[in-house]
Amino acid sequence: AMKPNSDAGLLEKILARYGGEVELRICGIGEQATLLREGHADAALLRLPHDDPSEFAYEELLTEPSVAVLPRTHRLADRESLTMADLAGEQLPHWPGNPPNGGPTVQDSAQLMQLISLGRTIAVLPESSGHHLRTDLTGVPLTDGPLSTLVIAWPEDSRSKSLAALVEAAVE
């Protein structure tokens, strides 16, 4: 299970190395941990610290810096880099499972990108998210933004050999 474009470009390489059959579940924001917890998925790609891995075993795959995703017409869009202080006063989205912050509640990445395009919000996302942006959006590096770690997670009590092979392929 994974969110769209949350694999930092690694999934194709993982699947090629694994070589086994995998049914992908592409889901909305925050749903992959639930699918894993409820037994509807054997493994999930999660983002730390945003997703809670406490009930799962996991292996870290990649840690990356953040970008601010902005409309190309935004006053900060042409800067080479930004700081979190530069974003003070900007409207950020409300992610499911987090306390309301006055921003629009976002359920999936397509909705988020549309809201950013319309100037309703901006987002702080992992750097790799900036590689798949619509042409009307831009990702500006954040010099002091939060780090995001991509992990592959699975139920702690799993004894599946095929799952172990998938995790091994992911780590390699």
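**Salt bridges, helix faces and a buried histidine**

The side chains of Arg-17 and Glu-172 form a salt bridge, with an N to O distance of 2.9 Å. Because Arg-17 belongs to helix H1 and Glu-172 to the segment after H4, this pair ties together parts that lie 155 residues apart in sequence. Both Arg-17 and Glu-172 are exposed. The model described here is a predicted one, and a search of the whole structure finds six salt bridges in it. Side chains of opposite charge can pair when their charged atoms come close.

Another of these pairs joins the side chains of Arg-37 and Glu-55, at 3.0 Å from N to O. Arg-37 is situated in helix H2 and Glu-55 in the loop between S1 and S2, so the salt bridge ties together parts that are 18 residues apart in sequence. Arg-37 is partly exposed, its relative accessible area being 39%. Glu-55 likewise counts as partly exposed, at 41% relative accessibility. A further salt bridge is found between the side chains of Glu-90 and Arg-75 (2.9 Å, N to O). Glu-90 and Arg-75 are both placed in the loop between S3 and H3, 15 residues apart. Arg-75 is exposed, because its relative accessible area of 59% is over the 50% required for that class.

Helix H1, which spans residues 11–18, has a buried side and an exposed side. Leu-11, Ile-14 and Tyr-18 are buried in H1. These residues cover an arc of only 60 degrees around the axis, and therefore they lie on the same side of H1. On the other side of the helix, Glu-12, Lys-13, Ala-16 and Arg-17 are exposed. The buried residues of H1 pack against strand S1 (44–48), strand S2 (56–64) and helix H4 (161–171). Just after H1, Gly-19 adopts a positive phi of about 80 degrees.

The loop that runs between helix H1 and helix H2 (31–37) contains Val-22. At 33% relative accessibility, Val-22 counts as partly exposed. Together with Leu-24 and Ile-26, Val-22 forms a nonpolar patch on the surface, and the accessible area of the three residues together is about 240 Å².

Helix H3 (109–117) also contains a group of buried residues, namely Leu-112, Met-113, Leu-115 and Ile-116. Their arc around the axis is only 160 degrees, which means that they are on the same side of H3. The buried residues of H3 pack against S3, strand S4 (123–126) and strand S5 (137–141). At the start of H3, a side-chain oxygen of Asp-108 comes to within 3.1 Å of the backbone nitrogen of Ala-110. Following H3, Gly-119 has a positive phi, near 80 degrees.

The loop between strand S3 (66–71) and helix H3 holds His-94. His-94 is buried, because its relative accessible area is 13%, and a residue under 20% is assigned to that class. The side chain of His-94 reaches the backbone oxygen of Asn-98 at 2.7 Å. The same side chain also makes a polar contact with the side chain of Thr-105, at 2.9 Å. When residues up to four places away in sequence are not counted, His-94 touches Pro-99, Pro-100, Asn-101, Gly-103, Pro-104, Thr-105 and Val-106.

Definitions and conventions: Residues are numbered from 1 along each chain as its sequence is written. This is a predicted model: local features need pLDDT of at least 70, side-chain atom pairs count only at pLDDT 80 or more; totals for chains, interfaces and linings use all residues. Side-chain values use heavy atoms; hydrogens and water are left out. Patches are made of residues with over 30% relative accessible area and no salt bridge: like charges are joined within 9 Å, nonpolar side chains (Val, Leu, Ile, Met, Phe, Trp, Tyr) within 5 Å. Accessible areas come from the Shrake-Rupley method with a 1.4 Å probe; for residues, only the protein chains shown count as cover. A salt bridge is a side-chain nitrogen of Lys or Arg within 4 Å of a carboxyl oxygen of Asp or Glu. Helices (H or I, at least four residues) and strands (E, at least two) are DSSP runs, numbered from the N terminus. Buried means under 20% relative accessible area, exposed over 50%, partly exposed in between (1.4 Å probe, protein chains only). A polar contact is a pair of N or O atoms within 3.5 Å; within protein, one must be able to donate a hydrogen and the other to accept it, and residues adjacent in sequence count only if both atoms are side-chain atoms. Contact means heavy atoms within 4.5 Å. The arc is that of the directions from the helix axis to the C-beta atoms.
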